[in-house]
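Trainee: Please give me a close look at the charged pairs. Then put them in the setting of the whole chain.

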Amino acid sequence: MNPPAVLKRLLVVSGLLLPLLLAAILLGLSNGSTGSSLTAAFQVIFGQPEIDPTLSAIIWRIRLPRVLLAALVGATLSVGGLVFQALLRNPLAEPYILGISGGSAVGAIIGILLGLSAFPGVSLFAFIGSMATLVLILLMVSGQTILKRESLLLSGVMVNAFCAAVIMFLVSLTQDSRLHNILFWLMGDLSMSDARQVAILAATLLSVWILIFWFAHPMNLLLAGQEAAQSMGIHVKAVTVTLLIATSFMVSATVSHSGLLGFVGLVMPHLLRLLLGPDHRVLMPACVLGGGAYMVLCDLLARILPDQGEMPAGVITAMIGAPLFIFLM
């Protein structure tokens, strides 16, 4: 597909998905433990003077950072799943299943137990954990091609199981009040969002998204196989390593803020690929917008379904993603 046609499709897809994301964000802002009112959310957003100052503070200081964090996490995990599926040419690949999220969680929990701040302490440990996991997976398949699909996927599944065991070991060593927070965080917790940290995360992720979009065309060529991509001038190893490191970095950054949210990177790339086709130049921005909207709606369900309190967002994503994973298997 020539560049003008790609640009036209990109504008059309963005024009359809951006309103969906904005609608999801508006729903997220208008619903919460203090009640739900779409009209009140509109009034707060557009600065109506007669609105309750308490409700205004709740929407701007509590709900907005949480909704934006959910959008960033959903977008990142969706893009991560898209990249892994392209590199491995396997529809089951995604950060959670491959163990990248688990490695990030191990590093983040160690950071939490050491009493480090969320940023940069816990985020740095999460990145170290994800990179250690990635290196371990690559070492396990070092005697074969780096893109051997079955070997990488099985290695990732086993490393993920090992990370789960390490997580349970670390949790068993925790005896104080941090235990409940860690367990809730492990199930996917978006309630501890902070406006400043969300802004830093957004700036960080934007640069990674631009880098991945830059490699969208090489990812298209990789779908045809390594030999075909090399014959078209693609340095397969350089592209693969760059995308693996970039994806691991952005996934670890989100995991350190949100905990483990499984199957998001499995659901959205598949759905969007079915609707939009295989061109990553269109799919990558679509995953950002569609994945963000999907995660905001999942978090909204996690907040409004229980009669009292809320459930972890990871429960909702697993209830949707696990049956789909079984179906694909």
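**Salt bridges and their setting**

Mentor: Asp279 and Arg281 are both buried (under 20% relative accessible area with a 1.4 Å probe and protein chains only; exposed is over 50%, partly exposed in between). The model is predicted, so local features need pLDDT of at least 70 and side-chain atom pairs pLDDT 80 or more, while totals for chains, interfaces and linings use all residues. Residues are numbered from 1 along each chain as its sequence is written, and side-chain values use heavy atoms, without hydrogens and water.

Asp279 and Arg281 also form a salt bridge (a side-chain nitrogen of Lys or Arg within 4 Å of a carboxyl oxygen of Asp or Glu). Their closest N and O atoms are 3.1 Å apart. The whole structure holds four salt bridges.

Next, Asp299. Its salt bridge with Arg66 has closest N and O atoms 2.8 Å apart. This pair links distant parts of the chain. Asp299 sits in helix 14 (residues 280-304), Arg66 in helix 3 (residues 53-88), and 233 residues separate them. Helices here are DSSP runs of H or I with at least four residues, strands are runs of E with at least two, and both are numbered from the N terminus. Asp299 and Arg66 are both buried.

Asp299 has a second partner. Its side chain meets that of Arg303 in a salt bridge, at 3.6 Å from N to O. Asp299 and Arg303 are about one helical turn apart, because four residues separate them in helix 14. An α-helix has 3.6 residues a turn, so residues three or four places apart point the same way. Like Asp299, Arg303 is buried. Shared partners then join Arg66, Asp299, Arg303 and Glu310 into one salt-bridge network.

Helix 3 also carries Arg61. Arg61 is exposed, at 69% relative accessible area. Its C-alpha is 7.4 Å from that of Ala195, although the two residues are 134 apart along the chain.

Now the cysteines. There are zero disulfides in the whole structure (a disulfide is a pair of cysteine sulfur atoms within 2.5 Å). Take Cys287. Its sulfur is too far from any other for a bond, because the closest cysteine sulfur, in Cys298, is 15 Å away. Cys287 counts as buried, at 0% relative accessibility. Cys163 is buried as well, with a relative accessible area of 6%.

Step back to the whole protein. It has 15 helices and two strands. Its radius of gyration is 20 Å, close to the 20 Å from the globule rule for 329 residues, so the protein is as compact as a globular protein of that length. The radius is taken over C-alpha atoms, and the rule is 2.2 Å times the number of residues to the power 0.38. Along the principal axes, the C-alpha atoms fill a box of roughly 65 × 55 × 35 Å. Of the 329 residues, 53% count as buried.

Two other helices show that burial in detail. Helix 12 (residues 236-258) has 23 residues. It is largely enclosed by the rest of the structure, because 17 of its 23 residues are buried. From first C-alpha to last it reaches 32 Å, close to the 33 Å expected at 1.5 Å a residue. That expected span is 1.5 Å times one less than the number of residues. Gly259 comes just after helix 12 and takes a positive phi of about 80 degrees.

Helix 5 (residues 100-113) has 14 residues that should span 20 Å, and its end C-alpha atoms are 20 Å apart, which agrees. Helix 5 is mostly covered, with 11 of its 14 residues buried. Glycines among them include Gly102, Gly103, Gly107 and Gly111. After helix 5 comes Gly115, with a positive phi near 80 degrees.

Last, the surface. Leu27, Leu38, Phe42, Ile45, Phe46, Trp60 and Leu297 form a nonpolar patch with about 630 Å² of accessible area together. Patch residues have over 30% relative accessible area and no salt bridge; nonpolar side chains (Val, Leu, Ile, Met, Phe, Trp, Tyr) are joined within 5 Å, like charges within 9 Å. Areas come from the Shrake-Rupley method with a 1.4 Å probe, and for residues only the protein chains shown count as cover. Helix 2 (residues 38-45) gives the patch its largest share, three residues. Leu38 lies in helix 2 and counts as partly exposed, at 41% relative accessibility.
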